[in-house]
Amino acid sequence: QIPKDPAQRRVRELAMLSKQLQQIHPNVLAKVLKQATVYQNEEIVVINKPYGLPVHGGPGIKNCITDVLPILAKMLENMNAKPLHLCHRLDKETTGVMVLARSKEVADRIRLLFKTRQVEKIYWAISLGDPDPAEGIVDIPIVEKEVRSHQSHYKMTLAPNYRLSPEDGKVMKIRKNRNAESAVTRYRLLASSSTCSLLELQPITGVKHQIRVHLAYGLGCPILGDHKYSHWSKLAPQKLPEITLKRLKLEQSKARHLPLHLHAHRLSLCLGQQIDLVCKPPLFFQKTLKKLGLDVAND
């Protein structure tokens with residue numbers, strides 16, 4: 001049955017949308033991406049990546065961005081256009097700035113810029129709780145670990161180089177985890193209200209799920225709708241504070257449909273000249289900001 005409450009309806013629609021993106025014809029998906037194009041020149045095409053769309057294929061994935069790049073190129077240019085190339089990736093649930101290259105050479109150049117950290121990436125996230133301090137840098141390595149619970153699964157987690165001594169509470173260095181990757185994220189609080197915050201994030205490194213892990217486990221402020229990293233030992237929907245549920249007009253039992261509120265807002269890179277690319281957050285993100293009273297000056 002269709003929920004009466006508009007907020008629950010929207011949450012349900014997003015979950016459905018993600019499913020539908022898997023069932024539509026590749027040509028229709030290419031058309032969706034064409035409409036999501038925010039910038040193009042002779043070297044690159046930039047899209048505002050929709051929510052719930054995987055970048056790469058895998059088990060159970062019928063539609064992904066990589067598969068429709070040849071069709072998209074033809075729609076944007078002409079029937080003889082060569083397929084576009086992927087330059088970097090975003091998680092399935094992350095929205096925002098995504099750069100595609102018109103040739104392999106340009107793609108290689110851009111990938112190298114990402115690898116050598118010459119691309120400035122700015123994300124926006126709505127988080128539960130306020131980070132303390134309101135601005136800073138999280139510099140804690142990340143490693144993938146198996147979570148042994150009634151449903152064993154893998155998650156990225158922190159592998160700190162320091163801990164507090166149980167004897168005197170002093171900071172002591174501990175042995176480095178061989179498999180951990182160094183991970184650095186800059187963060188800044190833009191607004192806070194209703195026990196939630198709007199954060200501006202700049203990942204300096206590019207480790208898998210870095211922003212999500214640093215916010216949830218490093219700052220204790222998991223991203224709204226991040227059901228994976230809101231608990232460590234179990235796979236369960238995020239538990240939301242009463243005031244947040246009230247503002248979102250949502251019941252806790254429906255919280256599992258809440259989408260991840262993480263958006264690649266801005267990206268700057270130099271290809272002969274400096275290119276500054278900005279993408280507006282998707283409608284559901286904007287509506288959540290409004291409902292939670294997170295007023296942000298337009299960037």
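In the predicted model, serine 152 is partly exposed, with a relative accessible area of 47%. This value falls in the partly exposed class because exposure requires over 50% and burial under 20%. Serine 152 is located in the loop that links strand S7 (142–147) to strand S8 (153–158). When neighbours within four places in sequence are set aside, the contacts of serine 152 are with Glu146 and Val147. A relation across the sequence was also found for this residue: serine 152 and serine 233 are separated by 81 residues along the chain, yet their C-alpha atoms are 9.1 Å apart in space.

Aspartate 226 provides a contrasting case of solvent exposure. Its relative accessibility is 1%, and aspartate 226 therefore counts as buried. The residue belongs to the loop between H5 and helix H6 (242–248). Beyond the residues up to four places away in sequence, aspartate 226 touches Arg212, Gln238 and Leu260.

Backbone geometry was examined next. Arginine 117 has a phi near 60°, a positive value in a residue other than glycine. This residue is placed in the loop between helix H4 (104–115) and S5, and arginine 117 is exposed, at a relative accessible area of 51%. Histidine 209 likewise has a phi near 60°, again positive in a residue that is not glycine. Histidine 209 is found in the loop joining strand S12 (196–203) to helix H5 (210–218). With a relative accessibility of 13%, histidine 209 counts as buried, whereas arginine 117 is exposed. A further backbone feature is the cis peptide bond between aspartate 132 and proline 133, for which omega is about 0°. Proline 133 is situated in the loop between strand S5 (120–128) and strand S6 (135–139).

At the level of the whole chain, the secondary structure comprises seven helices and 14 strands. The chain is divided into two domains, with domain 1 covering residues 12–116 and domain 2 covering residues 120–290. In the contact between them, 24 residues are contributed by domain 1 and 24 residues by domain 2. The C-alpha centres of domain 1 and domain 2 are 24 Å apart.

The overall dimensions were then considered. The C-alpha trace spans about 70 × 50 × 40 Å along its principal axes. For 299 residues, a compact globule would be expected to have a radius of gyration near 19 Å, and the 20 Å of the chain therefore agrees with that expectation. Among the contacts with a sequence separation of 6 or more, 64% are accounted for by residues 24 or more positions apart. Buried residues constitute 47% of the 299 residues in the chain.

Surface composition and charge complete the description. The chain exposes about 15900 Å², of which carbon and sulfur atoms supply 51%. The chain carries 46 positive and 27 negative charges, and the mean positions of these two sets are 6 Å apart.

Key: Residues are numbered from 1 along each chain as its sequence is written. This is a predicted model: local features need pLDDT of at least 70, side-chain atom pairs count only at pLDDT 80 or more; totals for chains, interfaces and linings use all residues. Side-chain values use heavy atoms; hydrogens and water are left out. Helices (H or I, at least four residues) and strands (E, at least two) are DSSP runs, numbered from the N terminus. The radius of gyration is taken over C-alpha atoms; the globule rule is 2.2 Å times the number of residues to the power 0.38. Buried means under 20% relative accessible area, exposed over 50%, partly exposed in between (1.4 Å probe, protein chains only). Contact means heavy atoms within 4.5 Å. Accessible areas come from the Shrake-Rupley method with a 1.4 Å probe; for residues, only the protein chains shown count as cover. Lys and Arg count as positive and Asp and Glu as negative; His and the chain ends are not counted. The place of a charge is taken as NZ of Lys, CZ of Arg, CG of Asp or CD of Glu. Domain bounds come from an automatic or database domain assignment.
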